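Let's take a walk through this protein together, from its overall layout down to single residues. Keep the viewer open as you read.

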Amino acid sequence: MVPILSPLSVWQLVLSVYLGVAVVDSGDVRAEAAPRAAVQGVALPVERESASDDRSADIVLVDARIHTSDRERPRAEALAIRGDRIVFVGSEAEAQEWRGPQTQVWSAQGRLVTPGFIEGHGHFLGLGESLQMLDLADARSWDDVVAQVHEAVKQAEPGEWIVGRGWHQEKWDAAPEGHVDGYPRHDALSAISPQNPVLLTHASGHASFANDYAMQLAQVTADTPPPPGGEILLVTDSVTGAVRPSGVFRETASALVQRVYQQAQRRRTEASKRQQWLDAIRRANEACLANGITSFQDAGSSIATIDALAELADERALPVRLWVMARDSNEQLDRHLARVRREPEQSPYLTVRAIKRAIDGALGPHGAWLLSPYEDLSTSIGLNTDSPTSIEETARLALREKYQLCVHAIGDRANREVLDLYQRVWAEAFGDRPREQADWQAWGRTLRWRIEHAQHLSPADIPRFAELGVIPAMQGIHCPSDAVYVLQRLGYRRAAEGAYMWRSLIDSGVVIVNGTDAPVERIDPIASFYASVTRRLPGGPEFFPEQAMTREEALLSYTLWAAVGAHEEHVKGSLSVGKLADLAVWSQDFMEGPLDQVPGAKAAATVVGGRIAYEAAGFKLIQE
Ligand SMILES: [Zn+2]
């Protein structure tokens with residue numbers, strides 16, 4: 001007897017009823033340009049009424065070298081837009097049929113056009129705030145950092161906080177004098193800022209540096225116990241022998257100083273706080289649009305922030321489309337998830353149906369949770385920052401509310417724990433239903449739960465992403481940025497077989513969502529694209545280049561795959577008829593030509609929903 005429905009399709013039927021979504025049944029979701037069921041099943045509202053008569057478009061874009069990210073038509077020369085949607089993609093000659101008396105003609109002037117890039121893991125407000133702070137990323141030494149702070153101190157009122165971010169001791173030309181584990185001591189910084197508290201966040205976001213005044217305000221001394229999952233680095237004075245804090249706070253210990261800074265911020269007037277918040281949003285939007293980014297997947301905002309963003313979305317004051325992971329206590333999530341939910345069909349500039357948690361820290365500050373000790377710190381296997389039990393509770397909430405769950409995991413232990421945890425929680429939901437391998441995969445591909453970073457994997461866990469349908473959101477640029485200390489922390493063998501396993505993961509059948517983790521890295525997607533296809537370090541050497549992506553894959557990871565990772569590929573991610581007219585025009589064709597010229601590419605124009613949202617100086621889409 002041959003069953004009419006295979007066990008897999010029965011299971012998928014159950015799932016599609018359960019989730020109310022079309023299950024993508026493709027052995028290869030990567031290849032699906034736009035799952036037809038999803039596109040046909042959802043009536044997409046046209047945001048802007050078209051001014052044209054029946055057969056003509058509002059806009060025809062010509063003279064373009066288009067990479068569509070749509071497998072059915074990967075390349076094109078022209079496209080047409082009505083309202084906020086694409087109505088045609090094809091040849092220059094065919095495009096003429098879409099021209100009417102009202103039609104505006106745009107010319108890409110022979111340039112590369114791609115779908116608008118999707119930043120797949122960043123921190124939107126953090127990005128905006130970072131643009132309000134001292135940017136210490138280019139500092140080549142601790143002296144550079146001190147000099148930058150000194151300049152800011154000269155401009156500041158006494159008592160005013162000086163904040164900065166982006167410093168990284170591994171990127172300095174030499175270790176600072178009297179360093180502890182490569183980290184500086186606060187003395188030089190404290191000497192130039194006696195009346196201003198200073199707080200400088202590490203590039204990884206997983207450590208911070210405070211001056212003496214800030215530590216006084218936070219009442220931190222050598223005797224202060226560090227909070228669980230954190231560390232206050234101490235130094236012994238070579239002359240007096242006294243032990244005191246060095247100024248470095250790792251992982252959760254940063255909160256000791258951060259809290260005092262936040263209190264000072266809260267004491268400001270409501271009007272000034274609101275203004276600063278709006279300024280951060282404005283800066284983040286501008287930075288995205290200037291980089292060809294039309295959608296941004298925000299890796300964690302509180303319920304309160306989501307409410308505030310929803311207000312902006314309703315006022316049409318968010319020019320970049322946000323997809324926000326809710327990050328809050330389980331109690332808050334339990335209470336508010338149903339209320340704050342937003343779908344792209346009704347709310348095209350703000351989607352809310354994902355949750356963010358973290359299970360470990362970052363590799364740089366030895367915070368990544370490993371299966372065996374650090375090569376350069378044999379006493380440590382890193383830090384488990386949030387308890388698996390608490391994350392499991394979040395996972396049940398995610399299932400109940402049909403939210404995607406996105407858990408930050410960097411170390412191999414952290415990644416294994418999260419994969420195990422997903423399976424445990426799904427098994428509960430399965431009850432006594434079948435649990436064949438195909439069931440896990442169907443379940444996972446429907447839920448599309450993610451692991452954020454998935455940076456260092458045990459070889460045994462690499463195939464589990466495909467088997468479970470779990471999506472890794474990996475930031476290409478982290479590879480060359482961190483490579484220097486990946487080898488130190490993990491040693492050669494573990495780095496070779498487990499670090500940034502893009503090729504192995506893609507070959508095993510998963511999609512990778514790319515991004516920059518801005519403001520951890522600059523928001524520039526071209527830098528991350530280049531890193532994805534070369535794994536080349538600033539000095540020239542390549543970090544296990546056999547794991548690199550092809551250019552096509554890197555483009556997909558920033559467009560269609562990123563949309564798949566957000567359950568949004570029916571509205572975005574490729575230049576296909578029916579999808580949102582979100583696209584980027586580039587100063588040069590980074591899909592062809594010499595690789596070493598890729599980093600020079602910049603956005604020439606960015607279009608969101610058929611509107612020109614950005615044009616670089618000297619470039620105009622509309623020819624007079
Ligand atoms: Zn992040």
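Before we name any element, a word on labels: helices and strands here are DSSP runs, at least four residues (H or I) for a helix and at least two (E) for a strand, numbered from the N terminus. With that in hand, find F590, which sits in the loop that links β21 (583-586) and β22 (603-608). Please keep in mind that this is a predicted model.

Is F590 buried or exposed? A residue counts as buried if 20 or more other C-beta atoms lie within 10 Å of its own. F590 has 24 C-beta neighbours inside 10 Å, so it is buried. Leaving aside residues up to four places away in sequence, F590 touches L112, I526, F529, V598 and A601. For a sense of scale, try the distance from F590 to A203: the two are 387 residues apart along the chain, and 28 Å lies between their C-alpha atoms.

Now step back to the domains. The assignment gives domain 1 as 44-116 + 576-624, domain 2 as 124-266 and domain 3 as 354-572. Between the centres of domain 1 and domain 2, taken over C-alpha atoms, there are 46 Å.

The strands that flank the loop of F590 also belong to an open sheet of six strands, in the order β3-β2-β7-β21-β22-β23 and with mixed pairing. Its edge strands, β3 (75-76) and β23 (611-615), each pair on one side only. At the β3 end, two bridges join β2 (residues 65-67) to β3, and these strands run antiparallel. You can locate this pairing through H67, whose bridge partner in β3 is R75.

Next, look at strand β8 (residues 117-122). Six of its six residues are buried, so β8 is largely enclosed by the rest of the structure. Four bridges join β8 to β15 (residues 293-301), and here the strands run parallel. One pair to look for is E119 with its bridge partner F296 in β15. F296 also turns up among the contacts of L322, which touches F124, D298, L309, Y349 and L350 as well, again not counting residues up to four places away in sequence. Within the largest nonpolar core, which has 175 residues, L79 and L322 touch the most other members.

Let's finish with two helices. Helix α5 (residues 142-155) has 14 residues and reaches 21 Å from first C-alpha to last, close to the expected 20 Å. Its buried residues are W142, V145, V146 and V149. Seen down the axis of α5, they fall within an arc of 95 degrees, so they line one face of the helix. The general rule behind such patterns is that an α-helix has 3.6 residues a turn, so residues three or four places apart point the same way. The buried residues of α5 pack against β9 (134-135), β10 (162-167), α6 (187-192) and β11 (198-202), while the face turned away from them carries the exposed residues E151, K154 and Q155.

Helix α12 (residues 388-401) has 14 residues and spans 20 Å, close to the 20 Å expected. Which of its residues are buried? They are I391, T394, A395 and A398. These cover an arc of only 105 degrees around the axis, which puts them on the same side of α12. That side packs against α11 (330-340), β17 (350-358), β18 (404-409) and α13 (412-430), whereas T389 and R400 are exposed on the other side. After α12 comes K402, with a positive phi near 55 degrees.

Note on methods. Residues numbered from 1 in each chain as written. Predicted model: local features only at pLDDT ≥ 70, side-chain atom pairs only at ≥ 80, totals over all residues. Domains from an automatic or database assignment. Expected span 1.5 Å × (residues − 1). Buried ≥ 20, exposed ≤ 12 C-beta atoms within 10 Å, placed from the backbone. Arc of directions from axis to C-beta. Contact = placed C-beta atoms within 7 Å. Pairing = 2+ DSSP bridges. Core = buried A, V, L, I, M, F, W, Y, C linked by C-beta atoms within 7 Å.
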